[in-house]
Amino acid sequence: MDKFTTLEGVAAPLKIINVDTDMIIPKQYLKTIKRTGLGKGLFSEQRYKDDGSENPDFVLNQPAYRNAKVLVAGDNFGCGSSREHAPWALLDFGIRCVISTSFGDIFYNNCFKNGILPIRVSQEDLDKLFDDAERGANATLTIDLPNQEIRGPDGGKVKFEIDPFRKHCLINGLDDIGLTMEKKASIDTYEEKLKRERAWA
């Protein structure tokens with residue numbers, strides 16, 4: 001998993017509440033277990049018209065936001081079903097951070113396991129970040145995980161809280177497998193001990 005320390009990039013405003021995982025990545029894209037290639041399906045029912053052409057009104061199709069790395073979204077983002085394809089699609093599109101007032105619990109947990117930083121902020125701070133994000137190509141935010149702050153284009157700062165263990169995992173690029181491998185020396189020692197003690201097995 002890629003490490004997450006400081007991220008600087010364009011933030012796209014998605015002023016919609018209760019965005020569920022089916023909206024993030026519709027069911028027809030769930031046939032794969034690969035984590036790549038899902039970016040094209042991200043918000044596909046909003047991004048594309050029935051004939052397959054792009055919907056110019058959807059934020060991620062607008063020139064200023066095509067390469068967005070941050071998503072500033074309405075309350076209760078990622079609610080609904082538990083599909084892990086939702087963070088996979090965000091990551092494949094290029095989004096490494098989602099900011100909202102609240103998240104669906106399973107989506108929130110899946111973000112950390114896939115290298116995405118979900119940040120909870122107050123409604124007041126979210127409104128400020130929406131203002132920043134609506135500046136288009138000038139909507140650059142800096143997400144500083146070590147210092148737990150979001151810096152806006154005008155130098156304004158928003159502080160955020162995060163669980164220390166999850167922060168450690170993101171900064172060091174540790175998913176569940178990576179956490180296990182941190183214990184490799186102890187695992188190897190234990191297995192060698194078993195071989196000696198159970199030579200007959």
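In this predicted model, strands β5 and β6 make a hairpin, with four residues sitting between the two. Gln148, in the turn, has a positive phi of about 55°. The pairing of β5 (residues 140-144) with β6 (residues 149-151) is antiparallel and runs over three bridges. One contact that can be picked out here is Asp144, whose bridge partner in β6 is Glu149.

β5 also pairs with a strand from the start of the numbering. Strand β1, residues 6-14, is joined to β5 by five bridges, again in the antiparallel sense. Val10, for its part, has Thr140 of β5 as its bridge partner. As for solvent, β5 doesn't see much of it: the strand is mostly covered, with four of its five residues buried.

Then there are the cysteines. How many disulfides does a search of the whole structure find? The count is zero. A disulfide is, after all, a covalent bond between the sulfur atoms of two cysteines, and the cut-off used here puts those atoms within 2.5 Å. Cys79 misses out because the closest cysteine sulfur, in Cys111, is 13 Å from its own, too far for a bond. Cys97 has its closest cysteine sulfur in Cys111 as well, at 9.3 Å, so that pair is also too far for a bond. On the accessibility side, Cys79 counts as buried at 15% relative accessibility, since the cut-off for buried is under 20%. Cys97 is buried too, and its relative accessible area is 0%.

Note on methods. Residues numbered from 1 in each chain as written. Predicted model: local features only at pLDDT ≥ 70, side-chain atom pairs only at ≥ 80, totals over all residues. Heavy atoms only, no water. Buried < 20%, exposed > 50% of the residue type's maximum accessible area, 1.4 Å probe, protein only. Pairing = 2+ DSSP bridges.
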